[in-house]
Amino acid sequence: MKQKAKLQEKVQTLFSAIEEAEKMDEQEHRGLDLPELGESTSLTSEKLEAAVKRLEDKLHEQPKDKPLKKAVRELRKDLLPRLQKYEDQQAVLGDRNSFSKTDPDATFMRMKEDHMLNGQLKPGYNVQIGTENQFIVGYSLHQRPTDTRCLKPHVEKVKAALGRLPGTVIADAGYGGEENYAYLESEQLEALVKYGTYHKEKSKNWQNDISKIDNWDYNDAEDTWTCLAGRMLVFRYESKGKTESGFEIQHRHYRSTSCEGCPLKSCTKAQGNREIKVSLRYMRYKQQVREKLLSEEGYALSVRRMIEPGSVFGQVKSNRSFRRFLLRGLPKVSLEVGWLSLAHNLLKKAAIDQNKMKMEQI
Ligand code: SF4
């Protein structure tokens, strides 16, 4: 929160000015006893409240100290209440970066509906559904706009509600990623989840791109890469990275033995020998997904996915014109989605039964 950081800095500057003024008065640090505020980023309203109280006591002893009086007034009337307000807002925000004033549980997101054509963000919830034969088997609501980090909590909610999980999870590329693949593997779920570059990889541009390591050879036994110029990249060291949710990713770093005089030097803008950073685990997951999606069964399932959740959302939003939640707050909106799912499933079942009866009459 930028405003909070600015305010914390302002308080620090003010305290430094008070301290400076005290020194200039050539008075000893006579018990002004300015509290340790620490780093400006760690300044809390609690610490500031204590500091302001001490300054007020000091002002009682020296009521004619005008600069001190001015500083105390600014702290008490403006800075302290603002810091408290920012802290309250931060508590509501959690790990989000926005919330709506009319529904603090809702987060600002880019919606597909954009009547003004200006990409305006609107408050909403990210609703995830799992379907089978266009029946909703599970749903969950999320306060983040992107889908990637919704997969795990969604699957967990479905598992808690149904007591079991399907054998295969099919989802689009928005849910792909090492963290999700690792989670699905740990739950022994088959992942038919595309990763971000799955479709791009099939393009001629991608396949002819000499800089892409997907077009290079990896020697598992030697743990070396061979680039398109036929030169070898050898392992140097390993580093660890973390995703937003704290999932650890291990990267292996390789460096070319020599890029000197390479006719394909345009493969890198870097000077010297090219270096690459790879997560072998992610590579393995991507290879597994590639193979599954290219298999007959995998292809059939991925085609089926196209008419699963998409058409259910279409039924609810377009055919039944449900475009806005009527309630406010995560628990109530969650309940609303539950009722909608129930209604959708009952209508679907009724339509199937009706069709069956018609067929029997023919
Ligand atoms: S620049 Fe280096 S890594 Fe790139 S193709 Fe040439 S030798 Fe290989």
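Visitor: Before we start, what do buried, exposed and partly exposed mean here?
Guide: A residue is called buried when its relative accessible area is under 20% and exposed when that area is over 50%, with partly exposed covering what lies in between. Please also keep in mind that this is a predicted model.

Visitor: Okay, then where does Tyr218 fall, buried or partly exposed?
Guide: Tyr218 has a relative accessible area of 24%, so it falls between the two cut-offs and is partly exposed.

Visitor: And its ring partner Trp225, how is the pair arranged?
Guide: The rings of Tyr218 and Trp225 form a tilted aromatic pair, with 4.8 Å from centre to centre and 45° between the planes. Trp225 itself is buried, because its relative accessibility is 2%, and ring pairs join Tyr218 and Trp225 with Phe235 and Tyr254 into a cluster.

Visitor: How many aromatic pairs does a search of the whole structure find?
Guide: The search gives 8 aromatic pairs. One of them is formed by Tyr181 and Tyr285, which are tilted at 45° between the planes, with their centres 5.8 Å apart.

Visitor: Which parts does that pair tie together?
Guide: Tyr181 belongs to helix α5 (residues 178-186) and Tyr285 to helix α7 (residues 280-294), so their contact ties together parts that are 104 residues apart in sequence. Both Tyr181 and Tyr285 are buried.

Visitor: Switching to charges, what sits over the ring of Tyr139?
Guide: That is the charged end of Lys157, placed 3.9 Å from the centre of the Tyr139 ring. There is also Lys212, which lies over the face of Trp206 at 4.7 Å from the ring centre.

Visitor: What about the backbone, which residue other than glycine has a positive phi near 55°?
Guide: Asp223 has that value, and it is located in the loop between β7 (217-219) and β8 (224-226). With a relative accessibility of 14%, Asp223 is under the 20% cut-off and therefore counts as buried. Gln134, which is not a glycine either, has a positive phi of about 65°, and it is found in the loop between β3 (126-132) and β4 (135-142).

Visitor: Which residues form the nonpolar patch on the surface?
Guide: The patch consists of Tyr299, Val303, Met306 and Ile307, which together have about 420 Å² of accessible area. Of these residues, Val303 can be placed in helix α8 (residues 296-306), and its relative accessibility of 34% makes it partly exposed.

Visitor: What does the UniProt annotation say about residues 226-348?
Guide: The unreviewed UniProt entry annotates that span as "domain: Transposase DDE", although such annotations may be inferred rather than shown by experiment. In this model the span is 46% helix and 20% strand, and its end C-alpha atoms lie 55 Å apart.

Visitor: Last topic: how are Ile249 and Ser279 separated?
Guide: Their C-alpha atoms are separated by 7.1 Å, while the two residues are 30 residues apart along the chain. Ile249 is in strand β10 (residues 248-256) and counts as buried, at 15% relative accessibility.

Visitor: And Lys349 and Thr44, what separates their C-alpha atoms?
Guide: For that pair the C-alpha separation is 56 Å, with the two positions 305 residues apart in terms of distance along the chain. Lys349 is placed in helix α10 (residues 330-361) and is partly exposed, with a relative accessible area of 44%.

Key
Residues are numbered from 1 along each chain as its sequence is written. This is a predicted model: local features need pLDDT of at least 70, side-chain atom pairs count only at pLDDT 80 or more; totals for chains, interfaces and linings use all residues. Side-chain values use heavy atoms; hydrogens and water are left out. Rings of Phe, Tyr and Trp (its six-membered ring) pair if their centres lie within 6.5 Å; planes under 30 degrees apart count as stacked, over 60 as edge-to-face and the rest as tilted. Helices (H or I, at least four residues) and strands (E, at least two) are DSSP runs, numbered from the N terminus. Buried means under 20% relative accessible area, exposed over 50%, partly exposed in between (1.4 Å probe, protein chains only). A charge sits over a ring if NZ of Lys or CZ of Arg is within 6 Å of the ring centre and within 35 degrees of the ring normal. Patches are made of residues with over 30% relative accessible area and no salt bridge: like charges are joined within 9 Å, nonpolar side chains (Val, Leu, Ile, Met, Phe, Trp, Tyr) within 5 Å. Accessible areas come from the Shrake-Rupley method with a 1.4 Å probe; for residues, only the protein chains shown count as cover. A salt bridge is a side-chain nitrogen of Lys or Arg within 4 Å of a carboxyl oxygen of Asp or Glu.
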